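User: Could you take a close look at the aromatic side chains of this model, and then at the strands and backbone around them? I would like one connected account rather than a list.

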Amino acid sequence: MDIAVLLSGGVDSSVVVHLLCEQGHHPSLFYIKIGKDDADFMDCSTEEDLEIASAIARRYGLSLDVVDLHREYWDNVAAYAIDKVRRGLTPNPDVMCNKLIKFGCFEQQVGKDFDFTATGHYATTVRQNGKTWLGTAFDPIKDQTDFLAQIDSLQVSKLMFPLGGLMKHEVRDIARNVGLPSARRRDSQGICFLGKINYNDFIRRFLGEKEGKIVEFETGKVIGMHRGYWFHTIGQRKGLGLSGGPWFVVRKDIAENVIYVSRGYDTDKQYGNRFFMQDFHFITENPWKDIKGEIPVTFKIRHTPEFMTGRLLQDGSGYCVISGNRLQGIAPGQFGVIYDETSRFCIGSGEIGV
């Protein structure tokens, strides 16, 4: 098989290269370069990433090519994120980066010439009856299917996830045991390809700051000030700078630049038991097209190891999920990710509406 590997310089993709070579493959390695032509807005980790990726390539005698997709990234993913934030929504750049860049532009420019593209994502693929389904990873904490829930059937059919059956600590152990230079690198916590750049710094760069009031939802009392509604999301607890909490963001008034908060874990305003998804995207196919009424499903509305249980039903042009439990922090703009109740295949996702 001709296999392309997306190599980032991190431990996960490095171990993917090692495992494939152990299996007798001779993959071609690719580093996707994303960066704005602005020295003040470049992530200094890029140079280190490339050094480690080059060291991995030399160690295994493999080719390494740099694919420059910075224009595609900024025109699509960054523009998407800024537009959503400006409208008071909570975007997920990582989801769109996977869909449009890693498995979109890269596939169109490079991946099309290979049988498979392998990555360090924690997920699995399952082939049944001529179709390929996106399955969850063995490690529930590292499972990344929620970040892959906007890819399509062609993309998932060409993907390989060699780490899907491993726990994170096993991946670290492999890297240490074989002496990979990335063995002790910390996992990236930044925005997709932007590495160590802080999310608020990213937003501030494009939207600036605008002082506004923080208001207690129940009383209407002004209890603090913020620097712009775009820095805050529904359900947020940290970063509010308020004493006597815990405080949670429960509402945003975009027109007036006001953040409403509520205190404590038992305030009903923090919770809901249903959400609507627009433009729902099925990865492989709609397995429920012949089913009438409510469908039992599991789902996630944020990146957590836990699955929630609920019922899915068609609601006009979209889908509504009614949860069996109270949901804290339903954030419009994020993706509701739906899984088959039994198999835990990731069926698809839709953007949570207001």
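Analyst: What follows goes from the aromatic rings to one of the sheets and then to the backbone. The model is a predicted one, and every value below is computed from it.

The structure holds 16 aromatic pairs, and one of them joins Trp133 and Phe345, whose rings are stacked with 5.7 Å from centre to centre and 15° between the planes. Trp133 belongs to strand β6 (residues 131–135) and Phe345 to strand β17 (residues 345–352), so this pair ties together parts that are 212 residues apart in sequence. Both partners lie under the 20% cut-off for a buried residue, since Trp133 has a relative accessible area of 10% and Phe345 has one of 12%.

A pair with another geometry is made by Phe280 and Phe282: the ring centres are 4.9 Å apart and the planes stand at 65°, which is over the 60 degrees required, so the pair is edge-to-face. Of these two residues, Phe280 is buried, with a relative accessibility of 13%. Elsewhere, Tyr73, Trp74, Phe202 and Phe206 come together as one aromatic cluster.

Aromatic rings also meet charged groups. The charged end of Arg251 is placed over the ring of Tyr260, at 4.9 Å from the ring centre, while that of Lys300 is placed over the ring of Phe307, at 4.6 Å from the centre.

Arg251 and Tyr260 lead to the sheet, since Arg251 falls within the range of β10 (247–253) and Tyr260 within that of β11 (residues 258–263). This is an open sheet of 4 strands in the order β9-β8-β11-β10, with mixed pairing; its edge strands, β9 (222–226) and β10, each pair on one side only, and the twist from one strand to the next averages 30°. Strand β8 (residues 212–216) and strand β11 run parallel and are joined by 3 bridges, and Ile214 has Ile259 in β11 as its bridge partner.

Two backbone positions deserve attention, because most residues other than glycine have a negative phi. Asp279 has a positive phi, near 50°; this residue is found in strand β12 (residues 271–282), the range that also takes in Phe280 and Phe282, and Asp279 is exposed, with a relative accessible area of 67%, whereas Phe280 is buried. Arg344 likewise has a positive phi, near 65°, and is located in the loop between β16 (335–340) and β17. Arg344 is partly exposed, at 30% relative accessible area, while Phe345, in strand β17, is buried.

Definitions and conventions. Residues numbered from 1 in each chain as written. Predicted model: local features only at pLDDT ≥ 70, side-chain atom pairs only at ≥ 80, totals over all residues. Heavy atoms only, no water. Phe/Tyr/Trp six-rings, centres within 6.5 Å; stacked < 30°, edge-to-face > 60°. Helix = DSSP H or I, 4+ residues; strand = E, 2+ residues; numbered from the N terminus. Buried < 20%, exposed > 50% of the residue type's maximum accessible area, 1.4 Å probe, protein only. Lys NZ or Arg CZ within 6 Å of the ring centre and 35° of its normal. Pairing = 2+ DSSP bridges. Axes fitted to C-alpha atoms, helices over the stretch in contact; angles between N-to-C directions.
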